[in-house]
Amino acid sequence: MKTPNPHPVGQSAPDRAPEDACRHIQRIQDAAALNMVLYAFCELRLADRLAQGPATGPELADWLRINADAPDVDVSKLERFLGVAEAGGLVTRSTQGYELTTAGRTLDSSAHGSMRPGVMWRGTDLSRMAMASLPSTILTGKPSALQGASGLYDCLQRQPAADQRTFDEFMSRFSDRIASHVATCSFRHIEGECAFVGKQYVVDVGGGRGTLLAETLRNHAHLRGVLVELDRVADEARDHLATAYPDLTGRYEVVNGDMFKEVPPRPQAVYLLSRVIHNYGNDQCAVLLKRLASAMGESGPGAELFLMEHVLPEDPQMEDARLHPSHALDMIMMALTVGGQERDLFALSRLLTDAGFILPAAEAKPDLPAGMTLVIARINPDASPPR
Ligand SMILES: C[S@@+](CC[C@H](N)C(=O)[O-])C[C@H]1O[C@@H](n2cnc3c(N)ncnc32)[C@H](O)[C@@H]1O
């Protein structure tokens with residue numbers, strides 16, 4: 001199935017006047033430089049320090065000398081850097097020194113839903129190499145950053161342990177931002193009973209460290225949970241859940257498994273699939289969704305799938321659609337996965353209906369925080385059983 005171009009012919013944004021055109025290119029280039037400022041701010045853990053209270057340039061330099069084990073910190077370079085961080089909206093200055101702005105506070109590693117792991121992930125060798133190799137990915141059709149690995153997760157397995165943890169931490173902190181909305185069914189456009197009422201199980205497929213699952217279990221005392229993950233992440237999930245959610249002990253199981261081969265059936269279940277299918281091409285998605293449909297067929301009537309993705313905007317005339325966050329992610333998927341891509345609602349719906357689902361809430365399109373969209377699907381009773 002071909003994904004429609006998000007910018008159909010004749011609907012491009014209006015062109016710029018010549019004097020604005022160079023400024024536009026300059027702004028894109030500058031955003032790349034500011035991205036490095038963001039990375040350095042996180043790498044140096046300046047938000048962690050400033051979350052404790054304001055500090056002057058010399059105080060921050062002293063803190064770095066000790067905490068970054070860097071006796072030669074250059075105060076004037078640090079202050080120049082902080083001036084750019086101020087212009088970029090990460091800090092403000094008062095008589096007491098530098099303070100975090102609201103945006104700067106999201107970079108504190110202990111903040112709920114911290115953005116720091118995501119920034120650090122984009123700074124890993126693998127991420128940088130992937131974006132740098134975009135031209136060759138286009139020219140050869142192959143994401144050269146994967147260096148012969150069969151896909152992102154195979155490649156991740158070969159990365160330094162610290163980078164693997166950064167990726168998992170990034171996923172987990174991102175889940176923090178949507179978990180309470182999903183767990184409480186707080187969707188802006190869907191009315192009626194929460195999908196978890198009257199269910200017995202929630203099964204999170206490719207659920208990372210289990211944040212989404214755990215928040216759902218906490219909000220619904222009658223539910224039991226299952227997390228399906230690859231070996232390496234499953235071990236991390238067990239540690240994370242035991243440490244961060246000791247109150248849930250005995251209510252969940254972590255299953256080491258390959259979701260393309262088996263998805264465990266559970267009675268009366270809601271299945272969660274969050275940010276998984278954007279890692280794969282349409283053929284692999286079809287295999288996975290059929291596995292899910294088959295498990296849900298055994299789960300009994302009322303089984304539901306919550307599919308959560310960063311959906312490409314459908315209307316290119318929308319102001320935000322010209323450069324939507326899902327466009328950047330789409331390029332990352334192109335450079336870092338085999339066939340992975342962001343999709344618009346039309347393409348997601350096609351994948352689901354082809355695999356034997358119906359979308360009772362297709363019109364609802366509830367938007368989750370962090371630019372995510374939730375699509376709710378059920379088994380189509382009239383479809384032939386998935387093979
Ligand atoms: C992009 S992450 C999303 C994690 C989580 N669902 C979230 O939204 O934060 C995709 C997850 O799928 C897991 N995964 C990838 N391939 C898998 C497979 N074949 N079987 C089970 N899990 C897999 C990865 O380990 C990773 O944790």
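This tour moves from the whole chain to the central sheet and then to the ligand.

The model is predicted: local features require pLDDT of at least 70 and side-chain atom pairs count only at pLDDT 80 or more, while totals for chains, interfaces and linings use all residues. Residues are numbered from 1 along each chain as its sequence is written.

**Whole protein**

Display the C-alpha trace first; along its principal axes it spans about 70 × 55 × 45 Å. The radius of gyration, taken over C-alpha atoms, is 22 Å. This agrees with the value near 21 Å for a compact globule of 387 residues, the globule rule being 2.2 Å times the number of residues to the power 0.38.

Colour by burial next: 36% of the 387 residues are buried (20 or more other C-beta atoms within 10 Å of the residue's own, with C-beta atoms placed from the backbone). Of the contacts between residues at least 6 apart in sequence, 69% join residues at least 24 apart (a contact means C-beta atoms, placed from the backbone, within 7 Å).

Switch to a cartoon to see 15 helices and nine strands. These are DSSP runs numbered from the N terminus: H or I of at least four residues for helices, E of at least two for strands.

**The sheet**

Select the seven strands of the open sheet, in the order β5-β4-β3-β6-β7-β9-β8, with mixed pairing. Its edge strands are β5 (252–256) and β8 (357–358), each paired on one side only; strands count as paired if DSSP finds at least two bridges between them.

Begin at the β5 edge. There, β4 and β5 run parallel and are joined by five bridges, and Leu-227 has Val-254 in β5 as its bridge partner.

Now move to β9 (residues 373–379), a mostly covered strand in which five of seven residues are buried. Strand β7 (residues 304–309) runs antiparallel to β9 through six bridges; select Glu-309 and its bridge partner in β9, Thr-373. On β8, two bridges make an antiparallel connection to β9, where Phe-357 stands opposite Ile-379.

**The ligand**

Finally, select the ligand and the 18 residues that surround it, using a cut-off of 6 Å from the C-beta atom, placed from the backbone. The closest are Met-171, Gly-206, Gly-208, Met-259 and Ser-274.

Highlight α10 (161–183) and β4 (224–229), each of which supplies at least two residues of this shell. Helix α10 gives the most, with three residues.

Colouring the shell by residue class shows nine nonpolar, six polar and three charged residues. Here Ala, Val, Leu, Ile, Met, Phe, Trp, Tyr, Cys and Pro count as nonpolar, Asp, Glu, Lys and Arg as charged, and the others, Gly among them, as polar.

Methods
A residue is buried if 20 or more other C-beta atoms lie within 10 Å of its own, exposed if 12 or fewer, and partly exposed in between; C-beta atoms are placed from the backbone. Two residues are in contact if their C-beta atoms, placed from the backbone, lie within 7 Å.
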